[in-house]
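Reader: I should like to understand how the terms used for this structure are justified. Please show it first.

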Amino acid sequence: MTAAAPDPLTAPEPVHTALTSWYHRAARDLPWRRRDCSAWGVLVSEAMLQQTPVSRVVPRWHEWMRRWPTPQHAAEAPVAEILTVWDRLGYPRRALRLQESAQVIVDRHGGQVPQTAAELRQLPGVGEYTAAAVACFAFDQPEVVVDTNIRRVHARVFAGDALPGKTYTSDQRRLAHSVFPDPAVDDGELACTWNIAVMELGALVCTARSPSCTACPVAEFCAWRLAGSPPPTEQQRTRAQTWAGTDRQVRGAIMAALRTGGPAARSDLLAELPLPAVDMVQRSRCMESLIADGLAEQRQDKVALPGALA
DNA sequence: AACACGGGGTT
DNA sequence: AACCCAGTGTT
C-alpha cells in the first residue's frame, strides 16, 4: 500500500518532472519556438499574442518577419504599412508600441533586443508578462512567467480552484514563485522549460471551458480534480461584455475601412461604416480617439492611416 | 481594483 | 449571445 501523494504545493518536484516530460513529447512546433528564431522574432510573437490566439497570430507573424526581419527594418517602416500588416489581429495600438520598441532598440540598445527582464520592461507595450517571457524564451533566463494559461493551471493544480479569477493578485504571484523550480539547480534550464510547459498545458489540455483531465499528465497531483472538480464560483466567472455598438467595434470598423480603402473623405467614410445602429456622434468620437492614439490622421476633410496623406 | 482596448472562433 | 484568448496602460 502506497502512501497518499504528497501535497504538490510543498513538494512540487514530481509535478515539475511529469509536466516537463509531457512538454517534450506534446509541444506544438511553433515558429517562434524554433532554435533559429531570433530574439526579435520572440518579441514580435509575444506582442502579437497579447490577447490574440496562436492560430490567428501564425500567418501575421510570418508576414511581419518576412518584411521586417530585424528591429532596424521595423523601425524604418511606414506606420501605415505596420498597421496594414497587423491586419485584424486586434488592439492595433500594440502594433504602434511594437514599432516604437524597435526604434528604442535601435536608438538605445545598438539594434539588439535587451536580454534582461528589467530592460525589456522599459520597452513600450512590454509589461510584466512580456518582459519575463522574452527574457526566458529568447535568452534562457529563469524569470517567473505568468500569463492567463499559467494562472489557470496554478489555480487548479495547486490551489484547487476551478478558475483563477479576473485580476492577477499578489497571492497568485506568490503562488507562482513558490512552485517555480529552483533556478540554481541546473542553471535555470528546468525553470525555463517549466514556464513554457505550464503555458502549453493550459493551452492544450487544461483549457478554460472543457479541460481534458483524462489526458492530463499531472491529473494525479491536481488539487481541483482531487476535490471533485467543483464548478467555478460566481466570483470566478467573468462578467459578460457586450460587443455590438461599443466604441471598440466602431473603432475597429474605421480601422478596417482605412486599411482597405486608403485615404477618404471623413464624412463619407464615417457614413459608410457597416454599422447602421451607430449614430454619427459615436462615429465621430471614435474617429477622434483613433487620431489621438496615433492610429489615424486627418488633413482638411481627408482621413487615412498615419503618413498616408502626402 | 476596474476599465478601455479588436476580432474571430467556439460553445 | 456569451465566452475566451501567451496583456498593457490608465484612472
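Author: The questions below set computed values against the definitions behind the terms; the model is a predicted one.

Reader: Why is the pair Arg93 and Asp293 called a salt bridge?

Author: The closest N and O atoms of Arg93 and Asp293 are 3.0 Å apart. The rule asks for a side-chain nitrogen of Lys or Arg within 4 Å of a carboxyl oxygen of Asp or Glu, so the pair qualifies. Across the interface of domain 1 and domain 2, the rule finds one salt bridge. On the side of domain 1 that touches domain 2, helix H5 (79-86) and helix H6 (93-108) each supply at least two residues.

Reader: What are the two domains, and what area do they bury between them?

Author: The domain assignment of chain A gives domain 1 (31-139) and domain 2 (247-304). Between them they bury about 690 Å², with 54% of it on carbon and sulfur atoms.

Reader: What makes the approach of Tyr129 to DNA strand C a polar contact?

Author: A polar side-chain atom of Tyr129 lies 3.3 Å from a base nitrogen of the strand. The limit for a pair of N or O atoms is 3.5 Å, therefore this pair counts as a polar contact.

Reader: Which atoms of Gly125 and Asn149 approach a phosphate oxygen of DNA strand C?

Author: For Gly125 it is a polar backbone atom, at 2.8 Å. For Asn149 it is an N or O atom in the side chain, at 3.0 Å. Two or more residues of the surface near the strand come from each of helix H8 (128-139) and helix H9 (148-159).

Terms used
Residues are numbered from 1 along each chain as its sequence is written. Chains are lettered from A and ligands numbered from 1 in the order in which they are written. This is a predicted model: local features need pLDDT of at least 70, side-chain atom pairs count only at pLDDT 80 or more; totals for chains, interfaces and linings use all residues. Side-chain values use heavy atoms; hydrogens and water are left out. A polar contact is a pair of N or O atoms within 3.5 Å; within protein, one must be able to donate a hydrogen and the other to accept it, and residues adjacent in sequence count only if both atoms are side-chain atoms. Helices (H or I, at least four residues) and strands (E, at least two) are DSSP runs, numbered from the N terminus. Domain bounds come from an automatic or database domain assignment. Buried area is the accessible area (1.4 Å probe) that two parts lose on being put together, summed over both.
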